[in-house]
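Q: I am new to this structure and would be grateful for a close look at one part of it. Please take the nonpolar core as the subject, and then place that part in its surroundings.

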Amino acid sequence: MCRTTDPRPSTIALDSLSWLLLHFPCTTVCQTLHTLRNQGSCCGDSSLVQQVNVLGLLHEELHGPGPLGALSSLAQTEVTLGGTMIQASAHILYRKPRHQPTHQTQWFSIRPDFSLDLQEGPPLQSQPHPDPHTFPVDPTTHLTFNLRLSKKERETRDNLTLPFQFSSEKQQALLRSEPNQASSHILYEPDAYDDLDPEDPDDDLDV
């Protein structure tokens, strides 16, 4: 590939990255993939730059999150396949420099001649339909407490005055002083250990 003079882009298809990861360290595989992707810069002539694309197949159920995350950081596009030949889906993740990743889902089926039949969305028969003969179950039927209030209970709750709520009558009673009402006084006699220095009232705290 380094000796070729064809400037057209080329693609290297790796049939199984899982086989490589089982026989070589993950760092070696990632470094090799990074070198293959930048293969065009190895040529001595800077005027002839060849674009090299690397396509790899990976069975993610055979590997842990470490190798999957390392390979995912190298990939510009990830395609996750799922389903069966009759109904399959491809979840595509595009990564572009200085752009937010974009997601796309493509539904398709595989014909007997292994050609693809692209579809706009999932088929209707794959979507669950509610059974008309089943009735919804009320989750509050077997509770040991009541979640709903009757009309009488609601009226009692609305008329209840909480201790921390001051009504207008209670506020007037607290603010209004009666002529013959006894007044309260606080008598304080300082002892020898009291610090009455106004400049440093916290001097006795020993901080």
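Which residues make up the largest nonpolar core?

A: The model under discussion is a predicted one. Its largest nonpolar core consists of six residues, namely Leu 17, Leu 21, Val 29, Cys 30, Leu 33 and Leu 71. Two helices, α1 (residues 17-23) and α2 (residues 26-37), each contribute at least two residues to this core. Helix α2 provides the largest share, with three residues. As a general background, nonpolar side chains in soluble globular proteins tend to be buried together.

Among the core residues, Cys 30 may be followed further. When residues up to four places away in sequence are set aside, Cys 30 touches Ala 70, Leu 71 and Leu 74. One of these partners, Leu 71, is itself a member of the core. Another of them, Leu 74, may also be viewed from Gln 31, a residue of helix α2. Gln 31 and Leu 74 stand 43 residues apart in sequence, while their C-alpha atoms are 9.7 Å apart in space. Gln 31 has a relative accessible area of 55% and therefore counts as exposed, since the term applies to values over 50%.

Helix α1 also holds Ser 18. The relative accessibility of Ser 18 is 2%, so this residue counts as buried; the limit for that class is under 20%. Apart from neighbours within four places in sequence, Ser 18 is in contact with Leu 57, Leu 58, His 59, Leu 62 and His 63.

Between α1 and α2 there is a loop, and Phe 24 is located in it. Phe 24 touches Trp 19 and Val 29, again without counting residues up to four places away in sequence. Val 29 is one of the six core residues, and Phe 24 thus has a contact with a member of the core. Phe 24 is partly exposed because its relative accessibility is 43%, a value that falls between the limits of 20% and 50%.

The surroundings of the core may now be considered, beginning with the chain as a whole. The protein chain has five helices and six strands. Along the sequence, these elements follow the pattern β-α-α-β-α-β-β-β-β-α-α. Of the 207 residues in the chain, 12% are buried. The accessible surface comes to about 18,200 Å², and carbon and sulfur atoms account for 57% of that area. Among contacts between residues at least 6 apart in sequence, 38% join residues that are at least 24 apart.

Helix α2 leads from the core to the largest pocket, for α2 is among the elements that give two or more residues to the lining of that pocket. The other such elements are β1 (10-14), β2 (52-56), α3 (65-74) and β3 (77-83). The volume of the largest pocket is about 1,200 Å³. Its lining has 30 residues, and those closest to the centre are Gly 56, Ala 75, Thr 77, Glu 78 and Val 79. By class, the lining comprises 15 nonpolar, ten polar and five charged residues.

Strand β3 then leads on to the second largest pocket, where it supplies four residues, the largest share of the lining. Strands β4 (88-94), β5 (102-110) and β6 (116-119) also supply at least two residues each. This second pocket holds about 190 Å³ of space. It is lined by 13 residues, and Leu 81, Ser 89, Ala 90, Phe 108 and Leu 116 lie nearest its centre. The lining divides into eight nonpolar and five polar residues, with no charged ones.

Two loops that join these strands deserve a final remark. Arg 98 lies in the loop between β4 and β5, and it has a positive phi of about 60° although it is not a glycine. Its relative accessible area is 81%, so Arg 98 is exposed. Phe 114 lies in the loop between β5 and β6. Phe 114 likewise has a positive phi, of about 65°, without being a glycine. At 68% relative accessibility, Phe 114 counts as exposed.

How values were computed
Residues are numbered from 1 along each chain as its sequence is written. This is a predicted model: local features need pLDDT of at least 70, side-chain atom pairs count only at pLDDT 80 or more; totals for chains, interfaces and linings use all residues. Side-chain values use heavy atoms; hydrogens and water are left out. A nonpolar core is a set of buried Ala, Val, Leu, Ile, Met, Phe, Trp, Tyr and Cys residues joined through side-chain atoms within 4.5 Å. Buried means under 20% relative accessible area, exposed over 50%, partly exposed in between (1.4 Å probe, protein chains only). Contact means heavy atoms within 4.5 Å. On a 1 Å grid over the protein atoms alone, a cavity is a set of points where a 1.4 Å probe fits but cannot get out, and a pocket is an open set with protein on both sides within 12 Å along at least five of seven lines; lining residues have an atom within 4 Å of a point. Grid points are joined across faces, edges and corners, and a volume is the space filled by probe spheres set on the points. Ala, Val, Leu, Ile, Met, Phe, Trp, Tyr, Cys and Pro count as nonpolar, Asp, Glu, Lys and Arg as charged, and the others, Gly among them, as polar. Accessible areas come from the Shrake-Rupley method with a 1.4 Å probe; for residues, only the protein chains shown count as cover.
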